[in-house]
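User: Hey, can you walk me through this one? I'm new to reading structures.
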Amino acid sequence: MSGRGARSLGSTAFPIPFTHTRQTQPAPQRQDRSNVLQIRNLTKIYEDGTVALHDISFEVKDGEFLVIIGLSGSGKSTLLRCINRLIEPTSGQVIWDDVDITAANQGELRRIRRQIGMIFQHFNLVKRLPVLTNVLTGRLGYVSTWRSILGRWPREDRERAFRNLELVGIAEKAYNRADELSGGQQQRVGIARALMQEPRLLLADEPVASLDPATSHSVMKYIEQLNREMGVTVLCSLHFLSLARTYATRIIALKAGEIVFDGDPLDIDDRRFKEIYGEEAVEVEIR
Amino acid sequence: MARENSAEKNSPSIRNPSLAALLSLLVPGLGQILSGRRERGVSILLTTVVLLALVAWLKFWDLAPLILPFWLYNAWDARQLVLGRRVNTTLLVLLAALLTYSVGWRVTEIDVTQFVEGAPKIRPFVSGLLRPNYLTREIEYGEAKSPVEVPCSDNPPPLSPGPELPRITLDRPCANPGEPLEVFGEGFPPNIKGELWWENTIGDQSRLRVGREFVDFQTDDQGRFQAQIVVPQVTNENPQTHYVEARYVTHVGPLTVSETTYLVVQRMGETIAQALMATTLGALLAVFFSFPAARNLMAFHPVAILLYYVTRGMLNILRAIEPLIMAIVFVVWVGLGPFAGVLALTVHSIAALGKLYSEAIESIEPGPIEAITATGANRIQVIWFAVLPQVWPPFIAFTVYRWDINVRMSTIIGFVGGGGIGFLLQQWIRLTDFRSAGAAIWAIALVVTVLDFLSREVRRRVV
């Protein structure tokens with residue numbers, strides 16, 4: 001589950017990361033253009049001393065479907081949130097498209113965030129707002145403050161919202177309140193919201209952990225569709241190895257904040273499985 | 001658990017149950033202390049000292065023997081402890097409570113006799129409450145008089161009752177002071193009560209008495225009455241013409257809405273308006289204060305945390321002061337009237353709502369905030385789309401509920417001059433106009449009930 005994430009969002013801090021005062025860092029600079037996303041020596045130590053990520057480095061190529069697996073508390077959620085700085089990393093760099101996200105100022109960070117879609121285990125819809133408004137919030141990074149607050153969304157955004165709702169098959173629910181929808185439908189709204197951002201990168205934090213197996217596959221298929229047909233790079237944390245094997249082009253396994261496996265899904269054999277999940281674990285199939 | 005622990009800690013120095021009992025009989029708790037149960041012994045000793053000190057301070061010497069059951073049971077307790085038997089601590093507490101409640105009973109002057117015997121005294125109040133004067137009829141005054149010569153002369157003027165009604169007739173045309181005199185009345189409204197008055201030669205009027213009682217009359221179905229008066233003393237010894245006068249008051253015409261009703265409606269409106277203004281002003285300011293009083297919003301910086309504690313502390317102090325006390329202060333500040341009440345209720349509403357609002361903010365789900373932030377939204381957009389939709393339903397529910405409370409409170413605040421219906425109610429009670437007071441009380445009950453229902457409905461719908 002989102003153990004790390006939940007910790008960071010708990011009682012201590014209001015999770016609007018741009019309240020953090022960051023030390024001045026050099027402006028984003030061009031890096032070598034070999035990869036889309038580079039994670040360099042990323043470390044996150046929480047205030048209570050928990051080391052959530054320890055010196056993590058990897059690269060994600062354009063168009064990959066990277067699945068991150070690991071036990072609860074292994075650092076999956078923290079890793080995903082460090083990429084768009086919902087959680088401020090303690091040290092290390094996240095470089096995307098030659099821009100150092102970790103060095104971006106607030107304005108730059110918002111412009112970076114609006115290109116990175118994110119979906120969540122608990123969907124994180126605004127429950128009392130209609131589905132359509134929830135989807136439209138995906139455009140907040142592109143629309144001016146007053147237009148969004150007055151609800152004067154540009155027409156093309158409204159059209160896009162309906163198109164995206166159709167894409168995930170729930171256009172008829174556009175005017176329902178978000179909390180009237182089932183879990184699977186809510187997650188599809190979450191995907192539609194992320195799609196509004198026209199993302200080049202999608203972060204999916206345990207997107208199916210709150211769903212039943214059948215719904216899980218339908219949601220994973222939508223994510224796969226984005227990856228295959230629209231070329232969106234996907235970083236997705238998952239609980240079940242069987243799901244990861246089905247959808248991933250590559251798997252990274254985290255254990256206690258460190259990478260214990262990075263490679264082809266087929267290379268995870270019984271021995272590796274026990275390394276990742278512990279000796280007592282038994283693999284469960286999700287079909 | 002606790003017993004074994006304390007037994008281990010304090011090694012017992014006496015093992016003889018009788019000795020322990022004797023020691024506790026001399027000094028309550030001593031046996032327990034010396035047998036290794038220090039905490040229990042000290043509690044017993046302190047209880048005894050406090051109770052006896054209380055009795056001595058208040059000079060309630062006659063209550064002192066009530067400590068004996070506790071004292072004796074404490075000795076028994078010490079003995080049982082040394083023997084390692086279970087003892088009933090509850091009984092020990094109850095025995096200590098015996099004296100405590102006896103003292104409390106006397107200090108608060110509880111008097112059952114007075115409670116029972118005094119009950120009839122509130123009859124006028126209850127009857128006023130049962131007959132609120134929302135409707136009334138016009139009042140008509142009527143009178144009839146008849147001359148009488150006092151003292152009697154040799155040749156008194158003859159009795160000459162006029163033709164017009166109502167009229168009164170006396171049994172003789174003259175009388176001497178102190179003599180009884182029969183008065184007959186006819187043509188009066190049926191079944192009414194009236195008063196008999198004496199008018200002397202220079203027009204001074206006084207109500208007639210027989211002994212110490214006023215002379216009243218009661219008409220029958222035909223509007224007739226008969227009464228006996230005693231001729232009062234007169235100053236002049238020469239025969240002169242005085243008058244006997246019968247006066248009455250009747251309600252005539254159709255029932256109309258009374259002056260009381262107009263006043264009640266007007267002041268009730270004032271009360272509701274007061275509550276409305278106070279709730280609105282209070283809510284606006286409470287929203288302003290609730291954000292710094294929400295821990296989750298203020299955790300990001302030490303200065304902000306300091307601000308959080310200051311705001312919280314301020315709200316707590318304000319909430320501790322009853323609006324009634326604030327009203328007294330504001331009456332001095334801005335003078336008698338509804339404005340003082342509005343100010344008092346506003347200040348209290350800020351404190352009460354500020355706390356509730358900030359708790360609503362503290363309990364919002366972080367998920368939507370995270371999600372909206374991740375879309376690249378700015379801070380205002382995050383608050384608008386992720387925070388406000390989560391907090392406005394509880395905000396509205398708390399505010400409506402507060403309005404309901406403020407209406408109730410504002411009736412009380414009128415008692416200290418803060419305007420509204422309480423001001424009237426208090427005056428009517430002092431003037432012993434209990435029917436009007438009853439009218440006000442029923443109006444308050446009605447409005448409070450209706451508002452309570454409405455606020456419950458609104459809360460049910462928004463949450």
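Analyst: Sure. Bear in mind that this is a predicted model. Let's start with one residue pair: Leu201(A) has Thr233(A) as its bridge partner in E8(A).

User: Which strands pair there, and in what sense?
Analyst: Strand E7 (residues 201-205) of chain A pairs with strand E8 (residues 233-238) of chain A in the parallel sense, over five bridges. In general, strands of a sheet pair through backbone hydrogen bonds, either parallel or antiparallel.

User: What's the strand order in the sheet?
Analyst: In chain A the order is E6-E7-E8-E3-E9-E10, which makes an open sheet of six strands with mixed pairing.

User: And which are the edge strands?
Analyst: Strand E6 (116-119) and strand E10 (258-263) of chain A, each pairing on one side only. On average, neighbouring strands of this sheet are turned by 15 degrees against each other, ignoring direction.

User: OK, helices now. Which strands does H7(A) lie across?
Analyst: H7(A) lies across E6 and E7 of chain A, and runs at about 170 degrees to E6(A). Helix H10 (residues 270-277) of chain A packs on the sheet too, where it touches strand E3 (65-69), strand E9 (250-255) and E10 of chain A. The direction of H10 makes about 155 degrees with that of E10(A).

User: At what angle do H6(A) and H7(A) pack?
Analyst: Helix H6 (residues 155-167) and helix H7 (residues 183-196), both of chain A, pack at an angle of about 140 degrees, and their axes are 9 Å apart. That angle makes H6(A) oblique to H7(A). Their crossing is right-handed.

User: Which residues make that contact?
Analyst: From H6(A), they are Arg160(A), Ala161(A), Asn164(A) and Leu165(A); from H7(A), they are Ala192(A), Leu195(A) and Met196(A). By class, the residues of this contact are five nonpolar, one polar and one charged.

User: Switching topic: how many residues of chain A are in contact with chain B?
Analyst: 32 residues of chain A, and they meet 25 residues of chain B. Helix H3 (106-113) and helix H5 (145-149) of chain A are the elements that give two or more residues to chain A's side. That side has 15 nonpolar, twelve polar and five charged residues.

User: Last one. How many helices and strands are in chain A?
Analyst: Chain A has ten helices and ten strands. Of its 287 residues, 46% count as buried. And among contacts in chain A between residues at least 6 apart in sequence, 72% join residues at least 24 apart.

Definitions and conventions: Residues are numbered from 1 along each chain as its sequence is written. Chains are lettered from A and ligands numbered from 1 in the order in which they are written. This is a predicted model: local features need pLDDT of at least 70, side-chain atom pairs count only at pLDDT 80 or more; totals for chains, interfaces and linings use all residues. Axes are lines fitted to C-alpha atoms, for helices over the stretch in contact, and angles run from 0 to 180 degrees between N-to-C directions. Helices (H or I, at least four residues) and strands (E, at least two) are DSSP runs, numbered from the N terminus. Angles under 35 degrees count as roughly parallel, over 145 as roughly antiparallel, 65 to 115 as roughly perpendicular and the rest as oblique. A crossing is left-handed if the near helix is turned anticlockwise from the far one by less than a right angle, and right-handed if clockwise. Two residues are in contact if their C-beta atoms, placed from the backbone, lie within 7 Å. Ala, Val, Leu, Ile, Met, Phe, Trp, Tyr, Cys and Pro count as nonpolar, Asp, Glu, Lys and Arg as charged, and the others, Gly among them, as polar. Two strands pair if DSSP finds at least two bridges between them. A residue is buried if 20 or more other C-beta atoms lie within 10 Å of its own, exposed if 12 or fewer, and partly exposed in between; C-beta atoms are placed from the backbone.
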